[in-house]
Each structure stands twice: as C-alpha cells, then as structure tokens.
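Student: I have the sequence and the model open, but I am not sure where to start. Could we go through them together, one question at a time?

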Amino acid sequence: MVAQQEPRLVDHTAVHTRAVAFSCGQSCCVGHVWTALPRRSLPARWVRDPHQLSISDMVLVRNSQDAPPRDVVEVVGVTKVHPGGVRALDGVTVGFGQGSFTAVMGPSGSGKSTLLHCAAGLDRPTSGQVVLAGQDIGALREPKLTAVRRAHVGFVFQSFNLVDSLSVWDNVLLPQQLAGARPDRSWAKELLARVGLAGREKARPGELSGGQQQRVALARALAGRPEVIFGDEPTGALDLSTGREVLGLLRRFVDELGATVVMVTHDPAAAGWADRVVFLADGRIADDMAAPTAEKVATRMMELTR
Ligand SMILES: Nc1ncnc2c1ncn2[C@@H]1O[C@H](COP(=O)(O)OP(=O)(O)OP(=O)(O)O)[C@@H](O)[C@H]1O
Ligand SMILES: [Mg+2]
C-alpha cells in the first residue's frame, strides 16, 4: 500500500460525482476508483495505477469539507397506486445521501416495500420522479433501466428471490454474470464466509433455512459492490448474532466504501445501526429521525402504531 501523500489532491466536486472504491480482490490494494470525473482531475497516481489506491483516499473523497454529500437516490413527490386502487405511496419526497445508512420503518402495509421498489427502479411510480445515480429513471425504457440498476443497485428482497435451480455460489455470482461483468470470485467467497455460509456454496436454496437463504440474498446483493444497497428486512429471518454480523457488514459498506444503504426493518435495535430513520405511515413520511437509538426508535414506532 502506498503511503499517503498530497492529501488534498481530490477536487471537491468529487463529492458530487460517483467515487466508489471497488476491491480488486488482490492483496495489493483496497480498491479501484470509478468516477464520473474527468481523468485529469484525479490524482495522477490513481490514473497511472488504480491498484495503488488506499482506503484513506476514499475517506478523503468522502470527507471533502466544502461540499455536502449528494443524494444518490432522490424520490420526489412519488405516488403509487397498486392495481385494485390501493394507494401505497401518497406523495413521498425523500433523498438518500451518498455514504449514508437509512432505516425505513412503519407499520405493516405503510408502503415500505413499495418505496424501496420504486426507489430502486423495480417498480414504476404512478406519479412523481425517482433519480437514481443522477438519472431520472422514469424516463428510461426497460433495457436501459435494467442496465442502470445492474450498475448501481444491490437489492435484498423481502422474499429473497433466489433461483431454486442454481447453487448458492451461482446465485451469488448471477447478477454480475447477467451484467456481463467478470465476477470477483474471491470477494464472493469472502462474503459467503462473512455471512456464515462458508462450505455451503454447492447447496441449493431449497436445502437451506429461511435465515440462510436471506444471507445468500445479502451476499448476492453485495457481490458486485453496488453504490446503493436496498434491503427489505434483510435481518428479518436471522438470529441475533447473525443479524448483528449482517448489520456490521452493511455498516462497513457505508463507512469504508462510501456505499448508500437503505434498509427496511421492524426491529428498533437494527435501526440503531443506521444514521437516520425515515418513518412511513399510510404511504406518507411520518417522521425523519437523525442519530437514532433503539430506545428512541421504539418509542416513535409505538406512537405511530397506536
Ligand atoms: N402488487 C400489489 N398489488 C396490490 N396491492 C399491493 C401490491 N403490493 C402492495 N400492495 C398494497 O400496498 C400497501 C403497501 O404495501 P407494502 O408492501 O409496500 O407495505 P409494507 O410497509 O412493506 O408492509 P410489510 O411491513 O407488511 O412488509 C398494502 O396495503 C399492500 O396490500
Ligand atoms: Mg414490506
């Protein structure tokens, strides 16, 4: 790893663009930088050899003081009326900043999953706008929308959505293969180990418990090192210690790689790992809490479900 030099080389505008670390899976470095910035505004040594990037470089990009972190996901006045006339979202406006960890909470049926699906481009709002990684995704046709999703988003579904006919290993690598990217096998292996599934690579989802399937879904969402990770109750089926492991992993994605995590949960303790909690009730934002603690969140949830 190269020693830190030229500590202010990164232009502050970097914060407004995409600057994400991707581990190359080799021991020589933490990662590569992929950025929308022109090459000339990057430190020469990054351009020369992106393998020489250290984690402090990323922290430097994220902590540039004069510019606020941009919203990687912007949901503006979104309404979603499901078939049958259910108004699941009713004029929701919320942004999720780069390098932030947000928990989304609210009573059952309040619109949490619908919000995540609309924000991730998996479902189209009835009205309103969603901007994902700088693109107004409402304006995109399906193939382009799929490409944007694959490039920027990892999603852990409430119902896991694993492919039953594929092994755990193939499920984890599938999104990268579909995107035409070369899968990072050593990273996939490390992720499976971190979620406690080392040695289960050959198993089929049907041979695993619900909690194990959820962990495969999480490893699959993280395998491509997405810029934004949406998790719909990603710890819902896990025991306490595995749940903590998963939350710690998500936290590290935010703190060390500058990823943005948006996680639906019913668990105040899980929400305590986030930087912020957005509360939904009847398809509307009911509250937006900074620096949540399990106690504060539990009290607010009780008030909302009363
Ligand atoms: N595909 C659909 N067709 C019709 N109605 C739907 C559909 N999906 C969701 N809904 C309705 O929209 C409302 C919001 O659903 P959503 O799944 O977003 O809630 P949620 O907050 O995620 O709930 P939970 O905590 O139970 O997962 C509910 O009334 C639900 O019945
Ligand atoms: Mg839901």
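Tutor: Let's begin with some vocabulary: helices (H or I, at least four residues) and strands (E, at least two) are DSSP runs, numbered from the N terminus. Residues are numbered from 1 along each chain as its sequence is written, while chains are lettered from A and ligands numbered from 1 in the order in which they are written. This is a predicted model, in which local features need pLDDT of at least 70 and side-chain atom pairs count only at pLDDT 80 or more, whereas totals for chains, interfaces and linings use all residues.

Student: Which residue just after helix 5 takes a positive phi?

Tutor: Helix 5 covers residues 168-178, so to speak our starting landmark. Follow the chain just past helix 5 and you meet a positive phi of about 80°, taken by G180.

Student: How many helices and strands does the chain have?

Tutor: Helix 5 and its neighbour helix 6 (185-194) are two members of the set. Counting along the chain gives 10 helices and 12 strands.

Student: What percentage of the chain's residues count as buried?

Tutor: A residue is buried if 20 or more other C-beta atoms, placed from the backbone, lie within 10 Å of its own, exposed if 12 or fewer, and partly exposed in between. The chain has 306 residues, and the share that counts as buried is 41%.

Student: Which helices help to cover the buried residues of helix 5?

Tutor: Helix 5 has several residues to cover: V168, W169, N171, V172, L173, P175 and Q176 are buried. Their cover includes helix 4 (142-152), helix 6 and helix 7.

Student: Is G154 buried or exposed?

Tutor: G154 sits in strand 8, which spans residues 153-156. Within 10 Å, G154 has 26 C-beta neighbours, so it counts as buried.

Student: With which residues is G154 in contact, leaving aside its neighbours within four places in sequence?

Tutor: Two residues are in contact if their C-beta atoms, placed from the backbone, lie within 7 Å. Sequence separation does not tell the whole story here: G154 and A223 are 69 residues apart in sequence, yet their C-alpha atoms are 8.4 Å apart in space. Once the neighbours within four places are set aside, the contacts of G154 are A221, L222, G224, P226 and I229.

Student: Among contacts between residues at least 6 apart in sequence, what share joins residues at least 24 apart?

Tutor: A119 offers some examples of contacts beyond four places in sequence: V73, V75, V130, F230 and V262. Across the chain, among contacts at least 6 apart, the share joining residues at least 24 apart is 67%.

Student: Which strands stand at the edges of the open sheet of 6 strands?

Tutor: Two strands pair if DSSP finds at least two bridges between them. The order in this sheet is 8-9-10-5-11-12, with mixed pairing. Each edge strand has a single partner, so one side of each is left without a neighbour in the sheet, and these are strand 8 and strand 12.

Student: What is the bridge partner of V104 in strand 10?

Tutor: Strand 5 (residues 101-105) runs parallel to strand 10 (residues 260-264), and 4 bridges link the pair. Across from V104, the partner in strand 10 is V264.

Student: Which residue in the turn between strand 11 and strand 12 has a positive phi?

Tutor: Strand 11 (residues 276-281) and strand 12 are antiparallel, with 6 bridges. One of the bridge pairs puts R276 opposite A290. The two strands form a hairpin with 2 residues between them, and the turn residue with a positive phi of about 50° is D282.

Student: What is the bridge partner of E74 in strand 6?

Tutor: Another open sheet has 4 strands in the order 4-3-6-7, with antiparallel pairing. Strand 4 (87-97) and strand 7 (135-136) are its edges, each pairing on one side only. Strand 3 (residues 71-81) pairs with strand 6 (residues 127-132) over 5 bridges. Opposite E74, the partner in strand 6 is V131.

Student: Leaving aside neighbours within four places in sequence, with which residues is Q129 in contact?

Tutor: Q129 lies in strand 6. It is partly exposed, because 15 other C-beta atoms are within 10 Å. Q129 and A139 are 10 residues apart along the chain, and 9.2 Å separates their C-alpha atoms. The contacts of Q129 outside that four-place window are V76, G77, D136 and G138.
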